[in-house]
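Here are my notes for you on one strand with its neighbours and on the disulfides. Take them one at a time, with the picture open beside you.

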Amino acid sequence: MHTFARRTARLAVILAMTAAALPTGFVFASDADVTLVSVMQQTEPITVYTTAASEISTLDPQRASDQVSIAAIEQLFLGLTDNDPLNPGNILPELATAWEYDETGTVWTFTIRNDVPWVRWDPVTDQAEQLGFVTAHDIAYGMKRACDPRLGAYYTSVADKVILGCDEVSTKPVSEVTDADYDLVQVFALDDTTLEVHLQFSAGFFFSQTPMWMYRPVPRSVIEELGDDWTEPGNLVTNGPFVLDEWQWGGQRVYLRNPLLPEDLRGPGNVERVIQRPVFDLGTTFALYQENSVDASGVPPAELQSILNDPAYADQLSQSTSMSVFYFGFAHDKPPFDNVHARRAFSAAVDRTAFALQQGSGEPMIHLTPPIIPGAPPINEVGVGYNPELARAEIEAAGYPNCEGLPPLLIVSFVGSSDWAEFLAASVERELGCDPSLLTVEQQEFSVLLETIDPRNAPEDRPNIWTLGWGPDYPDANNWVGDVLHCESENTFKRPCSAVDDLISQAARETDPALRNELYYRIEEMFFGPEGEHPLISLFLDRSYVLQKPWYSGPFQTDGIFGGPHYNYRMIDQAAQLAARGS
């Protein structure tokens, strides 16, 4: 993202939370072992019941790219630093307790704590096995591994723009890469508790990247021994606030408190177990919420007004944002969207305000970087947005007047967003005169969609348009225009390099905040203004209503905006929860 030394002495620990749940004044009899097991089986750990809108794609920190996987990794792996759940944008110590950089701003030195164990949880025996302690070598290995193109990871293209030598590995042909190439990446463990990271330039945003999942330590010897199977339950070795007790495709995920984690890393919450079910339909999640089977839910658009007017939900309903921007991506490597006029036409044909009203939530977006992110222009100030007259002029300029001669288009949507694709199809039929039979909508599970739009695929194997979203990884505009749109990023759009990419690189290196803001304003205009490239159709900023049960509390408004949520900051009033569940 080291060497991982597996200790021969094994420490088997019964999960601490079961002992803590024993009744006050419990007296052990002569058959204490039998009695203890009986009480454990009857005691309900303090549990959050929740759902997720898609499957986990991977639990490998260097491979993860989707929010569901990143949220899982947040529970299982500690980072170099941590995003503050209470104050978005603030960075807290985690594995690193101190840091400094040299006068050039390109060499960072981190002091690493030496008391965080590697843990393998056995879901059959309910035992935790300690396998040594996390060291600077483990972190260095994780950061180097983040540069490995053999992983096919999206965030390799983020790391290789910052870490010195990372790009030398990431750009090599996959067939030529070996583990020996990791030595090219200029990240060094000077000893077990000292990590040195060399940057390509003085990147002011680097420190805000340090909590990110692809820089997290992973157990080298376990990966080398088990290969891709290292993340399976029973194999997985982690170091985070929770351990993985259960995970299977299509089934629930169960996380348990890590009984070996140092006390100061456990967090202020009381949650001992998280049970998460994959539920792809918001209406189903809401029904589960109503019957007290889950502790939180989004609000289906059809139910929003009735819930807003129902006093019974007054203390449960809140509005929040993940700062995620959702969009339609264009394939620039084949007709018709290799033509900038066609991209402008489709973008100007979409009424974002009408879309947001139809969805019942969300704020229309006409450029990419959302508000509050440093460097973001005002939300309604840069970009064309909905302009039917311009749309018709641009589709004619593209050589497809009234969509005549337009080739058949495949729109691929992730599960739950097929109605977005249908909205787009209706928009271009109404505003551009496109025959609806030209547009085919196909729905795919999220991880499958990511494979489908992989820029390494042949053009004929990729869709023309797809639905996707980008949630913030770190608080800087570079995370948006640089990591998403730069031609040398992962570039799922296959957009060719142009003058705007030089400007993005200039902004990344600029240290004056005022000048950076000015540069990012110009960059967004060059992408989404009347003469812009329009690599995608920005659709909406996530602003959604959510419901939490009265017995469930935590920093819901601030936690998880960057990275994943912190369940170790959540509280459950178990007596109220169990009473409502009939337990």
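1. Let us start with a word you will meet often: a residue is buried if its relative accessible area is under 20%, exposed if over 50%, and partly exposed in between, using a 1.4 Å probe and protein chains only. This is a predicted model, in which local features need pLDDT of at least 70, side-chain atom pairs count only at pLDDT 80 or more, and totals for chains, interfaces and linings use all residues. Residues are numbered from 1 along each chain as its sequence is written, and side-chain values use heavy atoms, leaving out hydrogens and water.

2. Now find strand S13, residues 253-257. Helices (H or I, at least four residues) and strands (E, at least two) are DSSP runs, numbered from the N terminus. S13 is mostly covered, with five of its five residues buried.

3. Look at the partners of S13 next; two strands pair if DSSP finds at least two bridges between them. Strand S12 (residues 242-247) runs antiparallel to S13 and is joined to it by five bridges. One of the partnerships sets Phe-242 against Arg-257 in S13. The hairpin of S12 and S13 has five residues between the strands, and there Gly-250 takes a positive phi near 85°. Strand S14 (residues 273-278) is also antiparallel to S13, with four bridges between them; here Val-254 has Ile-275 as its bridge partner.

4. How many disulfides are there, counting pairs of cysteine sulfur atoms within 2.5 Å? The count comes to three. With the bonded cysteines numbered in sequence order, the pairing is 1-2, 3-4, 5-6.

5. Cys-147 and Cys-166 form a disulfide with their sulfur atoms 2.0 Å apart. Its torsion about the S-S bond is about -115°, so this disulfide is left-handed. Cys-147 lies in the loop between helix H4 (136-145) and helix H5 (156-159) and Cys-166 in helix H6 (residues 166-170), so the pair ties together parts 19 residues apart in sequence. Cys-147 is buried, at a relative accessible area of 0%, and Cys-166 is buried at 0% too.

6. Another disulfide joins Cys-403 to Cys-434, S to S 1.8 Å. Both Cys-403 and Cys-434 are buried.

7. Finally, Cys-487 is joined to Cys-497 by a disulfide, S to S 1.9 Å. This link is right-handed, with 90° about the S-S bond. Is each cysteine of the pair buried or exposed? Cys-487 counts as buried because its relative accessibility is 10%, whereas Cys-497 is exposed, at 52%.

Notes
A disulfide is a pair of cysteine sulfur atoms within 2.5 Å.
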